[in-house]
Structure formats: C-alpha cells, structure tokens
Amino acid sequence: MKQNTIIVLLIMSIIASCKVSSPIQKSYTVSEVQQWYNKDSSANCVLYRGSDAQAHHFLSQFINNWVFLTIKKNELLITDERPYGVDSVAKLGYYYVDPNNHFAKVREY
C-alpha cells in the first residue's frame with residue numbers, strides 16, 4: 001500500500017511539473033518579429049500555423065529552440081488566412097512567410 005502511494009505521488013508530481021514548465025505564449029508585434037528575424041541569421045523561415053478569432057500564429061526556429069509567435073489580428077492582415085488547430089498532430093503549419101514582405105506566402109509547407 002505504501003509503495004502504491006509513492007508511485008501515485010511521483011506520477012502526480014511529474015504531471016504538475018510538466019504543466020508548470022509549459023511556456024505561456026507571448027503576443028508579439030509585427031516589428032518585433034521583423035527585428036528578430038533580421039537580426040538572427042539562423043532564422044531562415046517562419047511557418048504560418050493558422051489564425052483564430054484573436055491572433056495569427058507562426059512557428060520559427062531560433063538557433064536550437066522552436067519559437068511560437070503570436071501576432072494580434074488587428075496588427076496584421078493575412079490574405080490567405082486558414083484555421084488554427086492547436087490539437088492537430090498531422091501538420092505544424094500551412095506555408096512559409098516572409099516577415100519583411102508583410103508576411104506574404106513564400107512557399108508551401
């Protein structure tokens with residue numbers, strides 16, 4: 001019985017630590033993303049992940065870390081807007097964009 005209690009507590013602490021360590025997505029401005037993109041030579045692509053009612057969502061790689069970028073809808077117009085699906089495991093995004101050219105579509109994912 002004591003061993004079962006220890007196992008349950010261990011599992012609960014692992015789950016709690018995963019929830020605490022998950023990053024909160026910050027909302028960026030268009031100019032912040034453009035400055036970061038221009039400053040970092042390793043950031044050669046930004047992937048458009050879709051849009052919801054409040055924001056447009058993007059994904060890029062900064063050195064060895066993946067960065068989730070969120071830009072409020074009132075700051076950026078996306079002409080080829082597609083739905084943002086958080087639960088989608090099949091696809092990371094729809095297409096690559098160029099932040100320096102009004103986030104215009106560059107190529108398909």
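Biologist: How many of the six residues of β2 are buried?
Modeller: Keep in mind that this is a predicted model. In it, β2 is largely enclosed by the rest of the structure, because of the burial count along the strand: six of the six residues.

Biologist: Which strands pair with β2, and in what sense?
Modeller: One partner is β3, residues 55–62, joined to β2 over five bridges. These two form a hairpin with three residues between them, and Gly50 stands opposite His57 there. The other pairing is with β5 over three bridges, where Val46 stands opposite Val97. So to name the partners and the sense: β3, antiparallel, and β5, antiparallel.

Biologist: OK, what about the largest nonpolar core: which element gives the largest share of it?
Modeller: That core has 16 residues, and Phe58 and Phe103 have the most contacts inside it. Two or more residues come from each of α2 (30–39), β2 (46–51), β4 (65–72) and β5 (95–98). The largest share is four residues, and it comes from α2.

Biologist: Which residues does Phe103 touch, leaving out those up to four places away in sequence?
Modeller: Phe103 is one of the two residues with the most contacts inside the core. Phe58, the other one, is also among its neighbours. The full list is Val30, Val33, Phe58, Ile71, Leu76, Ile78, Val97 and Asp98.

Biologist: How far apart in sequence are the parts that the Tyr48 and Tyr95 pair ties together?
Modeller: The structure holds five aromatic pairs. This one is tilted, with 4.9 Å centre to centre and 35° between the planes. Tyr48 lies in strand β2 and Tyr95 in strand β5, so the parts tied together are apart in sequence by 47 residues.

Biologist: And Tyr96 with Tyr109: which of the two is buried and which is partly exposed?
Modeller: Their rings form a tilted pair, 6.1 Å centre to centre with 55° between the planes. The pair links strand β5 to the segment after β6 (104–108), 13 residues apart. Buried means under 20% relative accessible area, and partly exposed runs from there up to 50%. At 43%, Tyr109 is the partly exposed one; at 16%, the buried one is Tyr96.

Biologist: Last one: which charged residue sits over the ring of Tyr95, and which lies over the face of Tyr96?
Modeller: Tyr95 is buried, as is Tyr48, and both belong to one aromatic cluster with Phe58, Tyr94 and Phe103. A charged end sits over the Tyr95 ring, 5.1 Å from its centre, and it belongs to Lys105. Over the face of Tyr96, at 4.1 Å from the ring centre, lies Arg107.

How values were computed
Residues are numbered from 1 along each chain as its sequence is written. This is a predicted model: local features need pLDDT of at least 70, side-chain atom pairs count only at pLDDT 80 or more; totals for chains, interfaces and linings use all residues. Side-chain values use heavy atoms; hydrogens and water are left out. A nonpolar core is a set of buried Ala, Val, Leu, Ile, Met, Phe, Trp, Tyr and Cys residues joined through side-chain atoms within 4.5 Å. Buried means under 20% relative accessible area, exposed over 50%, partly exposed in between (1.4 Å probe, protein chains only). Contact means heavy atoms within 4.5 Å. Two strands pair if DSSP finds at least two bridges between them. Rings of Phe, Tyr and Trp (its six-membered ring) pair if their centres lie within 6.5 Å; planes under 30 degrees apart count as stacked, over 60 as edge-to-face and the rest as tilted. A charge sits over a ring if NZ of Lys or CZ of Arg is within 6 Å of the ring centre and within 35 degrees of the ring normal.
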